[in-house]
Amino acid sequence: MCQCSIPKPILYILVFFIIPFSLPDVSVAAINPYPRTVIEVEKLKVWDFATGLEGFRPTHHCQLEAKARRMVITATGNDPYLHSPRLDLPGPITIRLRMRGIQVGSGQIFWISDQEPHWGEKQSRHFDVEYDKQWHEYDVYLPAVGSVQHIRTDMLHAANSRKI
């Protein structure tokens with residue numbers, strides 16, 4: 001009899017914000033290599049999922065649902081990811097995610113822009129995720145060149161995960 005391991009679904013709940021972020025002046029970065037504190041944040045786009053998925057679509061190994069002003073992502077396989085609606089936002093940008101989960105792992109955000117039109121590892125950023133059933137905010141800086149057209153969010157690369 002086969003002792004095969006079948007992945008169980010995972011549930012993620014996300015709220016997205018996109019904020020602008022300018023690259024530091026190279027001469028300043030050479031003097032002070034630490035990132036500057038952002039004093040004011042201008043929100044370029046906010047998704048609160050009050051009217052549905054607002055253009056987000058499941059692309060691979062996941063199901064999406066808008067529920068209680070949140071996007072609920074249920075992973076159905078080992079490599080769940082989803083795509084955003086068209087953005088047309090001047091890069092670089094910082095994505096702020098508000099999320100909770102229970103399985104240890106990481107996330108990754110990819111982007112394409114009018115000047116970088118192909119998905120790839122070069123146009124992505126990884127981020128560690130706290131999986132303690134508590135809400136956490138994650139700021140992910142995307143050093144995109146040109147106008148950001150879409151983002152792709154990859155969540156947790158692990159088999160045998162559980163639904164929360």
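In the predicted model, strand β7 (residues 89-90) and strand β12 run antiparallel and are joined by 2 bridges. Within this pairing, Leu-89 has Val-148 of β12 as its bridge partner. Strand β12 also pairs with strand β6 (residues 81-83), again in the antiparallel sense, through 3 bridges; here His-83 stands opposite Arg-152. A further antiparallel pairing links β12 to strand β9 (residues 105-113) over 7 bridges, and in this pairing Gly-107 is matched with Met-155. Strand β12 itself spans residues 147-155 and is mostly covered, with 9 of its 9 residues buried.

The largest nonpolar core comprises 26 residues, and those with the most contacts inside it are Ile-109, Phe-127, Leu-142 and Ile-151. Two or more residues are given to this core by each of β4 (62-67), β5 (70-75), β8 (93-100), β9, β10 (124-129), β11 (136-142) and β12. Of these elements, β8 supplies the largest share, 4 residues. In soluble globular proteins, nonpolar side chains tend to be buried together.

The surroundings of Ile-109 were examined with its neighbours within four places in sequence left aside. The residues in contact with Ile-109 include Ile-95, Leu-97, Phe-127, Val-140, Leu-142 and Ile-151. Ile-109 is also in contact with Gln-123, Ser-124, Arg-125, Arg-152 and Thr-153.

Arg-152, which stands opposite His-83 and is in contact with Ile-109, also takes part in an arrangement of charge and ring. The charged end of Arg-152 sits over the ring of Phe-110, at 4.3 Å from the ring centre. A second such arrangement involves Arg-98, which lies over the face of Trp-135 at 4.4 Å from the centre of the ring.

Aromatic pairs in the model number 3. In one of them, Trp-47 and Phe-56 meet edge-to-face, with 4.9 Å centre to centre and 80 degrees between the planes. The pair is classed as edge-to-face because the angle between the planes is over 60 degrees. Trp-47 has a relative accessible area of 1% and is therefore buried, the threshold being under 20%. Phe-56 likewise counts as buried, because its relative accessibility is 4%. Together with Phe-49, Trp-47 and Phe-56 form one aromatic cluster.

Methods: Residues numbered from 1 in each chain as written. Predicted model: local features only at pLDDT ≥ 70, side-chain atom pairs only at ≥ 80, totals over all residues. Heavy atoms only, no water. Phe/Tyr/Trp six-rings, centres within 6.5 Å; stacked < 30°, edge-to-face > 60°. Buried < 20%, exposed > 50% of the residue type's maximum accessible area, 1.4 Å probe, protein only. Lys NZ or Arg CZ within 6 Å of the ring centre and 35° of its normal. Pairing = 2+ DSSP bridges. Core = buried A, V, L, I, M, F, W, Y, C linked by side-chain atoms within 4.5 Å. Contact = heavy atoms within 4.5 Å.
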